[in-house]
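Q: I've got this model open on my screen and would like a close look at one part of it. Could you walk me through the sheet that holds the strand near the middle of the chain, and then how the rest fits around it?

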Amino acid sequence: MHEINSFSDFGFNETINEAIDSMGFKTPTPIQKQAIPIVLAGSDLIACAQTGTGKTGAFLLPLINQLSNQAEVAGVKALIVVPTRELALQIDQQLEAMAYFTHISSLAIYGGGDGSGFDVQKKALTSGVDVVVATPGKLLSHLNLGYVNLSNLSFFVLDEADRMLDMGFIDDIIRIAKFLPAKRQNLMFSATMAPNIRKLAKNILVNPKELSLAIAKPAAGIKQEVYHVHEDEKVNLLKHVLDANPSYTRIVVFASTKTVVKYISFRLQADRYAAKSIHSDKEQPERESILLDFKQGKLRILIATDVISRGIDIENINLVVNYNVPDDAADYVHRIGRTARAENKGQAITFINGKEHRKFQRIEQLIERQVEIMPLPEGFKTGPEKSDRADDEKSNRHKKPFKKKNFSNKKHHGGKPSAGKKTQ
């Protein structure tokens, strides 16, 4: 295989190259350099790469190229299944931009809203759409009614597969696969390669090629810091961080539950911070409106649960604050991966109370480094675990350092692709 240095080296047709130029893409990312030739060659693929590495472009670009070269046939040609409605919308928007100069149409299918969306989705599916991007449950609702034509389907893509399994969608995915024609190309993308991911791949993929890149490592451009702080002082510390960084125009605050998200939002809004929250109690139109305001710079602070920690691409996020330490160490990597994207710089700050100390130690074990402890500002009580961390470090002086792990191996188009849609 010849060396890949630019998008022109993939041999895409002119309509795809024109869209790539219009969107301002310059150089393929490592996952794109390795995955795209495999997809173009027609092989099944299981690819593991962390968030923010260009996975979406790695499957969308070759998929669009192959579909644009096919003769017109009836029914859905490609099915992309994702864990959340936000990711479905984002991929659909990116697909629309990448396919702008082709005849390919797409549709995002997800739940939520007032229920009227189901009839709109049904009409689009029965009238004909080329690519469907869907969440598992809502897709099954349509498939079970028997009007979705999948007889000419060429591509089946599972994106953020590990997240879907974490959310309990494995049975839904198996059911969806039973509706598909036996002859198809299967692509699975995941941020981790746990045993249950391999088990799912064995059930769906056929003799897949395998790629594994940059597993469980935050981007080098992220400055990571922690504060050991009492739980009842976290909000005031958050306000201090916000006030100390007035040049930061896009800030994401992650909390572990929607109850905490609502509390943070209430406290910040009471002090007139430009902050809004996203969680599962909000209707889909409101969530979309808040995300759009944040992307467009109309909103400085977005407070969220892990619903946006994976897959959602928002450019130029300056700071990520972990108000709570995530239970899953891998979620830390996904959360802070919202900043320092596309080789930019960013900052990630984590607040640790007395009960969260051990959880953050597991994170440090995963990322194979100890994160810098910051002194609390004047007026704050001494962090509850700071002395414990010092004792831990003292006791570990004669232990072996972290051992490096060896990881070898819609809708028809309405607008021209814009520079704002630069997710690869």
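A: Here's a walk that starts at one strand, moves out through its sheet, and then turns to the other parts of the chain. Keep in mind that this is a predicted model.

Let's start with strand E8, residues 222-228. Of its 7 residues, 6 are buried, so E8 is largely enclosed by the rest of the structure. Look to its partners next. E8 runs parallel to strand E13 (residues 346-352), and 7 bridges join the two. If you want a spot to put your cursor, Tyr-227 stands opposite Phe-351 in E13. E8 also runs parallel to strand E14 (residues 372-373), this time with 2 bridges. There, Glu-225 stands opposite Glu-372 in E14.

Now zoom out to the sheet. It's an open one of 7 strands, in the order E10-E11-E9-E12-E13-E8-E14, with parallel pairing. Strand E10 (275-278) and E14 are the edges; each has a single partner strand, so one side of each is left without a neighbour in the sheet. Further along from E8, strand E9 (residues 251-254) and strand E11 (residues 301-304) pair in the parallel sense through 4 bridges. Phe-254 has Ala-304 as its bridge partner in E11.

Helices pack on this sheet too. Helix H10 (residues 234-244) lies across E8, E9, E11, strand E12 (319-322) and E13, and runs at about 160° to E13. Helix H11 (residues 258-270) touches E9, E10 and E11, and its direction makes about 165° with that of E10.

There's another sheet to look at. This one is also open, with 7 strands in the order E3-E4-E2-E5-E6-E1-E7 and parallel pairing. Strand E3 (106-109) and strand E7 (209-213) are the edge strands, each pairing on one side only. From one strand to the next, the twist averages 10°. Strand E1 (residues 45-49) pairs with E7 in the parallel sense over 5 bridges, and Ala-47 has Leu-211 as its bridge partner in E7.

Helix H2 lies across E1, E5, strand E6 (185-190) and E7, running at about 175° to E7. H2 covers residues 30-40, and Pro-37 lies in it. Pro-37 is buried, with a relative accessible area of 17%. Pro-37 and Ala-58 sit 21 residues apart in sequence, and their C-alpha atoms are 9.4 Å apart in space.

What about the packing inside? The largest nonpolar core has 42 residues, and the ones with the most contacts inside it are Leu-45, Leu-63, Ile-64, Ile-80 and Val-131. Helix H3 gives the most to this core, with 7 residues. A second, separate core has 35 residues, including Val-76, Leu-139, Leu-143 and Ala-177. Back to Leu-45: leaving out residues up to four places away in sequence, it touches a list of residues that includes Ile-38, Val-39, Leu-187, Phe-189, Leu-205 and Leu-211.

Helix H1 (residues 14-23) is a nice one to spin around. Ile-16, Asn-17, Ala-19, Ile-20 and Met-23 are buried. They take up an arc of only 160° around the axis, which puts them on the same side of H1. That fits the usual helix geometry: with 3.6 residues a turn in an α-helix, residues three or four places apart point the same way. On the other side of H1, Glu-14 and Asp-21 are exposed. Helix H3 (55-69) and helix H4 (85-98) are among what covers the buried residues of H1. Just after H1, Gly-24 takes a positive phi of about 80°.

Last, a word on confidence. The protein chain averages a pLDDT of 85, and 86% of the residues score at least 70. Among its elements, strand E5 (residues 155-158) has the highest mean pLDDT, 98, and helix H15 (residues 386-395) the lowest, 42. Over residues 386-416 the pLDDT stays under 50, and the model has 51 contacts beyond four places in sequence for that stretch. Residues 418-424 are also below 50, with 25 contacts in the model beyond near neighbours in sequence.

How values were computed:
Residues are numbered from 1 along each chain as its sequence is written. This is a predicted model: local features need pLDDT of at least 70, side-chain atom pairs count only at pLDDT 80 or more; totals for chains, interfaces and linings use all residues. Side-chain values use heavy atoms; hydrogens and water are left out. Buried means under 20% relative accessible area, exposed over 50%, partly exposed in between (1.4 Å probe, protein chains only). The arc is that of the directions from the helix axis to the C-beta atoms. Contact means heavy atoms within 4.5 Å. A nonpolar core is a set of buried Ala, Val, Leu, Ile, Met, Phe, Trp, Tyr and Cys residues joined through side-chain atoms within 4.5 Å. Two strands pair if DSSP finds at least two bridges between them. pLDDT is the predictor's confidence in each residue, from 0 to 100. Axes are lines fitted to C-alpha atoms, for helices over the stretch in contact, and angles run from 0 to 180 degrees between N-to-C directions.
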